[in-house]
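Here are some exercises to work through with the structure open beside you. Try each task before you read its solution.

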Amino acid sequence: MSDAVAKTGTRDVLRALRQPKVLAMLLLGFSSGLPLYLVGNTMGYWMRENGSELSAIGFLSWVGLAYTLKFLWAPIIDKTDVPLLGRLGHRRGWMLLSQIIVAAGLAGMAIVQPQGGLMVFGALALMAAFASATQDIVIDAWRIEIADNKEELGLLTSGTQIGYRSALLVTDALILILATYIGWAPSYWVMALLMGVGILAALFLAREPVASQAPEVAEHVPLWTMSGLWDAIVGPFVSFFKTHGKWALLMLAAISLYRLPDFVMGPMNNPFYADIGLSKEFVGEVRASIGLIASVLGIAAAGISAVRFGFIPTLLAGAILGPGSNAAFTWVAYAGGDHGVFVAAMFIDGFATGFAGTALVAYMSSLTSIGYTATQYALLSSFYALLGKVLKGFSGVAVETLQATHGQIGGYALFFLGTALAGIPALLLCLWLSRQMRAEQQPALAQNRSTG
């Protein structure tokens with residue numbers, strides 16, 4: 001990349017940052033990320049402090065399967081408008097409805113609390129997770145459809161990740177500090193109110209994408225007919241495999257294993273901190289400072305890498321960095337919760353997670369087709385989460401089994417190391433994908449050189 005091209009790209013980015021849709025994307029990214037830990041890892045911390053068993057925490061993490069199964073109802077999101085709210089537009093109407101339901105689910109969790117009965121508490125968490133997954137379907141489709149070109153899509157993807165990671169900071173770090181002083185239930189009330197960020201963005205900043213009303217989409221036959229159902233359910237799959245041909249299965253396999261280590265480890269992180277004696281306040285402070293800085297650096301590095309080297313090399317780098325952060329927690333376990341080691345591990349984890357997450361989102365976004373944006377992206381994001389979210393339900397059982405023979409700390413350490421090793425298959429698939437793509441591009445590059 002020449003200096004002139006780099007400078008032009010920088011000027012384009014700075015101009016784009018002044019666009020309302022970039023600000024909207026930041027806020028919608030925040031709204032998208034806010035519920036994730038509140039029905040997952042942070043919920044597990046709350047449950048553990050209330051005396052819940054690790055196995056119960058692991059099994060209740062299955063409410064997160066709503067994010068994995070969202071491709072099942074994504075065709076409805078793609079092809080129908082919300083009654084009443086549909087006047088805001090196809091995408092915006094669904095955004096607003098899902099955001100209101102998420103807020104209601106979080107408020108319900110604050111009212112019931114774990115001690116009020118895990119069945120009801122879990123049902124409210126599932127309600128929030130289902131609505132949150134629906135929100136993700138719409139926001140992902142909006143991000144792809146609102147972009148004018150690939151460069152802007154990359155910018156919007158980075159904006160999404162910054163907003164998303166900011167929300168994870170709030171729900172994985174700041175809420176721990178808040179809960180120390182005012183308790184878990186009031187903290188969840190605050191989180192429910194923070195869903196207003198997304199609601200305001202949907203109402204006043206986000207405009208309806210032209211792509212969602214394009215002729216090839218708008219003129220489809222009604223959904224509730226045989227041909228309409230076929231187009232809504234089968235059409236996205238046919239289009240995806242037709243577009244990507246023989247590489248489609250390899251792409252899906254790499255995506256499905258890419259974040260497996262993170263998902264499997266996730267439910268045990270916060271119970272681990274509680275068991276080794278790290279206070280909520282300290283964990284929250286480190287995540288809000290070192291963790292935030294590292295995450296932003298990781299996101300920025302992935303964005304620069306994608307522009308300079310392309311999606312596949314960036315994806316490959318993320319496949320190396322991601323599992324490395326899991327191994328850092330083994331270091332924390334054997335260090336006995338040493339504060340300095342924990343800070344270092346948080347920096348590694350923040351950078352690696354930010355880089356790998358941005359790399360995967362950018363790559364998946366580049367694979368979708370207009371007309372099936374919501375369904376195809378939901379399918380891809382479901383593939384990347386399905387196996388991990390099924391297996392993470394057994395994470396508590398795995399730790400308890402290891403602890404029976406290796407002690408409390410040894411059980412955690414071996415579990416974290418095992419999740420890091422689970423990243424090897426994804427790395428191998430990304431290497432294969434990178435090699436195949438380079439081999440396919442070489443004839444075209446040779447021809448360009450000969451004609452140039």
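**Exercise 1. A pair within one helix**

Find the salt bridge that Arg143 forms with Asp140, and work out how the two residues are placed along helix 8.

*Solution.* Keep in mind that this is a predicted model. Start with the distance: the closest N and O atoms of Arg143 and Asp140 are 3.3 Å apart. A salt bridge here needs a side-chain nitrogen of Lys or Arg within 4 Å of a carboxyl oxygen of Asp or Glu, and the pair formed by Arg143 and Asp140 counts as one. Next, look at the spacing. Arg143 and Asp140 are three residues apart in helix 8, so about one helical turn separates them. An α-helix has 3.6 residues a turn, so residues three or four places apart point the same way. Finally, check the surroundings: both Arg143 and Asp140 are buried.

**Exercise 2. Helix 2 against helix 8**

Describe how helix 2 and helix 8 pack, and list the residues that meet.

*Solution.* Two packed helices are described by the angle between their axes and the distance between the axes. Helix 2 covers residues 20-38 and helix 8 covers residues 118-146; their axes come within 10 Å and cross at roughly 160°. Angles over 145 degrees count as roughly antiparallel, so helix 2 is roughly antiparallel to helix 8. The crossing of these two helices is left-handed.

Now for the residues:

- From helix 2: Lys21, Ala24, Met25, Leu28, Ser31, Ser32 and Pro35.
- From helix 8: Ser132, Gln135, Asp136, Ile139, Trp142, Arg143 and Ile146.

Sorted by class, the contact of helix 2 with helix 8 holds seven nonpolar, four polar and three charged residues. Arg143, which you met in the salt bridge with Asp140, is among the helix 8 residues in this contact.

**Exercise 3. Helix 2 against helix 10**

Repeat the analysis for helix 2 and helix 10, and sort the residues of their contact by class.

*Solution.* Begin with the geometry. Helix 10 spans residues 184-194, and it packs with helix 2 at an angle of about 155°, the axes being 10 Å apart. Helix 2 and helix 10 are therefore roughly antiparallel to each other. Helix 2 passes helix 10 in a left-handed crossing. Then trace the contact: Phe30, Leu34 and Leu38 from helix 2 meet Tyr188, Met191 and Leu194 from helix 10. The contact of helix 2 with helix 10 divides into six nonpolar residues, with no polar and no charged ones.

**Exercise 4. Salt bridges across the chain**

Take the salt bridges of Lys21 with Asp148 and of Lys280 with Glu49, and say which parts of the chain each one links.

*Solution.* The count for the model comes to seven salt bridges. In one of them, the side chains of Lys21 and Asp148 meet at 3.2 Å, N to O. Lys21 lies in helix 2 and Asp148 in the loop between helix 8 and helix 9, so this pair joins distant parts of the chain, 127 residues apart. Lys21 is buried, with a relative accessible area of 6%, whereas Asp148 is exposed at 58%.

Move on to Lys280 and Glu49, whose closest N and O atoms are 3.1 Å apart. This pair also links distant parts of the chain: Lys280 is in helix 17 and Glu49 in helix 3, 231 residues apart. Lys280 counts as buried at 13% relative accessibility, while Glu49 is partly exposed at 41%.

**Exercise 5. Helix 3 and its flanks**

Decide whether helix 3 is largely enclosed or not, then inspect Gly40 and Gly51.

*Solution.* Count the buried residues, meaning those under 20% relative accessible area. In helix 3 these are Asn41, Thr42, Met43, Gly44, Tyr45, Trp46 and Met47. Seven of the nine residues are buried, so helix 3 is largely enclosed by the rest of the structure.

Gly40 sits in the loop between helix 2 and helix 3 and is buried, at 14% relative accessible area. Gly40 and Pro267 are 227 residues apart in sequence, yet their C-alpha atoms are 6.8 Å apart in space. Just after helix 3, Gly51 takes a positive phi of about 90°.

**Exercise 6. Positive phi outside glycine**

Compare the settings of Leu84 and Gln113, residues other than glycine with a positive phi.

*Solution.* Leu84 has a phi near 70° and is found in the loop between helix 6 and helix 7. At 68% relative accessibility, Leu84 is exposed. Gln113 has a phi near 65° and belongs to the loop between helix 7 and helix 8. Gln113 is partly exposed, with a relative accessible area of 22%.

Note on methods: Residues numbered from 1 in each chain as written. Predicted model: local features only at pLDDT ≥ 70, side-chain atom pairs only at ≥ 80, totals over all residues. Heavy atoms only, no water. Axes fitted to C-alpha atoms, helices over the stretch in contact; angles between N-to-C directions. Helix = DSSP H or I, 4+ residues; strand = E, 2+ residues; numbered from the N terminus. Parallel < 35°, antiparallel > 145°, perpendicular 65-115°, else oblique. Left-handed = near helix turned anticlockwise from the far one by under 90°. Contact = heavy atoms within 4.5 Å. Nonpolar A, V, L, I, M, F, W, Y, C, P; charged D, E, K, R; others polar. Buried < 20%, exposed > 50% of the residue type's maximum accessible area, 1.4 Å probe, protein only.
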